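Student: Could we go through a protein model together and ask, for each label, what earns it?

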Amino acid sequence: MFSKVLKLSLVIGFTLSSFSLSSCGMFKRVATVEPAAEKVTPAANDFYQPPVDNTPVINTVTATPNTSLGTVKLTGWQPRGIAVSGGTMYLSAYGTTKVVFTSGTVLKVAGDGKVKDLASNLVGYHAIAKTVTGLALSGSSLIVSDTDKMYTVDSTSGKVVTIKGKGGGTDVAVAGGNVFISNGSVEKSDSTVASRNPVSGLSGTGIGGDNTGNVYAVSGNSIKKADPTGQVMDVITSDLSAPLDVAVDNRNGDIYVLEMQNVKRFNSSGSLLTSFPSMASKPIAIAVDESGIVYVADNGNDAKDSKVVKFSASVG
């Protein structure tokens, strides 16, 4: 009995001692320590990469548009083609003449805006047909086309020589001393237009040339170029809408393309530089003179509305 009481006393005493030691802080619960996570350095390509923007880059106009220098009225005549030299304009045109017949002619417009009917004789007769189309200046001679034949016209006297049997054309250009005639295909000749040889691979409607011998042709919604060796290439393939005619600024090689609403200027590589309104009701032809001034021939709604619109030379 005594031994049972003694065991019970020892158990009670030990229990009380444990509570006392715990309350004074001698026994504490050991905290569980988690191992530190291993630090991983990501590879360079594991960092966030922004999404790639695949939106196509659109060329923007980078140059100053040419500004209007006013207009020259061509009352009584409607132009078809234009060439300019030294500030003097030459235009192939058609209209009702003093002898009441509808005829073709060449107009000579001086720097003061005075219009002269160059290709008529003293009684008002015109040797050029009313179906006249383009013209170009080669030295002192004007090379003029109509739908059936060609003409040469002296730029001073107005003397007209009809070249028969060679066919006509829709436009004429001079490039590096050679004459080019468009008639579906583009043909090469000289100032006599005595013979015509096709430029292989080049076709078009409106054509223009530069001093180095390159000829440019409107071909659908693009501009093609044939160099002096006859090699044909695409020079402008975008940013055009139903182009009508083409001309070149020989100062810097810029290419001007005439559309129904606008004139667009491209650099020699075919990149769009600027665009500006043609200010013409029915634009039909374009030319650039030695100083870079741009001329747009406006056929007009009728002979009372026809004119030439002039624009300043490019400044960048």
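Here is our conversation about confidence, strands, a pocket and some single residues.

Tutor: Before we start, residues are numbered from 1 along each chain as its sequence is written. This is a predicted model, where local features need pLDDT of at least 70, side-chain atom pairs count only at pLDDT 80 or more, and totals for chains, interfaces and linings use all residues, while side-chain values use heavy atoms and leave out hydrogens and water.

Student: What is the average pLDDT of the protein?

Tutor: The protein averages a pLDDT of 84, and 78% of the residues score at least 70. That score is the predictor's confidence in each residue, from 0 to 100.

Student: Which contacts does the model have for residues 1–33, in number?

Tutor: Residues 1–33 have three contacts beyond near neighbours in sequence, and their pLDDT is below 50. A contact means heavy atoms within 4.5 Å. Residues 40–50 also have pLDDT under 50, with two contacts beyond four places in sequence.

Student: On to strands. What makes β7 and β8 a pair?

Tutor: Two strands pair if DSSP finds at least two bridges between them. β7 and β8 (residues 150–154) have five bridges, so by the definition they pair, in the antiparallel sense. One position to look at is V144, which stands opposite Y151 in β8. The two strands are joined by a hairpin through three residues. As for the names, strands (E, at least two residues) and helices (H or I, at least four) are DSSP runs, numbered from the N terminus.

Student: How many bridges link β6 and β7?

Tutor: β6 (residues 132–138) and β7 pair over five bridges, again antiparallel. Within this pairing, V132 has D146 of β7 as its bridge partner. The hairpin of β6 and β7 has two residues between the strands, and G139 there takes a positive phi near 65°.

Student: Why is β7 called mostly covered?

Tutor: Buried means under 20% relative accessible area, exposed over 50%, and partly exposed in between (1.4 Å probe, protein chains only). Five of the six residues of β7 (residues 141–146) fall in the buried class, so the strand is mostly covered.

Student: Why are β17 and β20 described as standing at the edges of their sheet?

Tutor: The open sheet has four strands in the order β17-β18-β19-β20, with antiparallel pairing. β17 (245–248) and β20 (272–277) each have a single partner strand, so one side of each is left without a neighbour in the sheet. Neighbouring strands here are turned by 20° against each other on average, direction ignored; the axes are lines fitted to C-alpha atoms (for helices over the stretch in contact), and angles run from 0 to 180 degrees between N-to-C directions. β17 is joined to β18 (residues 255–258) by four bridges, and A247 stands opposite Y256 in β18.

Student: Which strands stand at the edges of the sheet with order β13-β14-β15-β16?

Tutor: In that open, antiparallel sheet, the edge strands are β13 (207–209) and β16 (232–236), because each has a single partner strand. Its neighbouring strands are turned by 30° against each other on average, direction ignored. β15 (residues 222–226) pairs with β16 over four bridges, where I223 faces I236.

Student: What is noteworthy about phi of D239?

Tutor: Most residues other than glycine have a negative phi. D239 has a positive value near 70° and is not glycine. D239 lies in the loop between β16 and β17. The same loop holds A242, with a positive phi of about 50°.

Student: Why is D239 called partly exposed?

Tutor: The relative accessible area of D239 is 30%, between the two cut-offs, so the label is partly exposed. A242, at 46%, is partly exposed too.

Student: How do you know that M89 is buried?

Tutor: M89 has 3% relative accessibility, under the 20% limit, so M89 counts as buried. M89 is found in β3 (residues 88–96). Leaving aside neighbours within four places in sequence, the contacts of M89 include V72, L107, Y295 and V308.

Student: Which residues lie nearest the centre of the largest pocket?

Tutor: They are I82, A83, A136, G209 and A287, among the 43 residues of the lining.

Notes. 1 Å grid on protein atoms, 1.4 Å probe; cavity = no way out; pocket = protein on both sides within 12 Å on 5 of 7 lines; lining within 4 Å.
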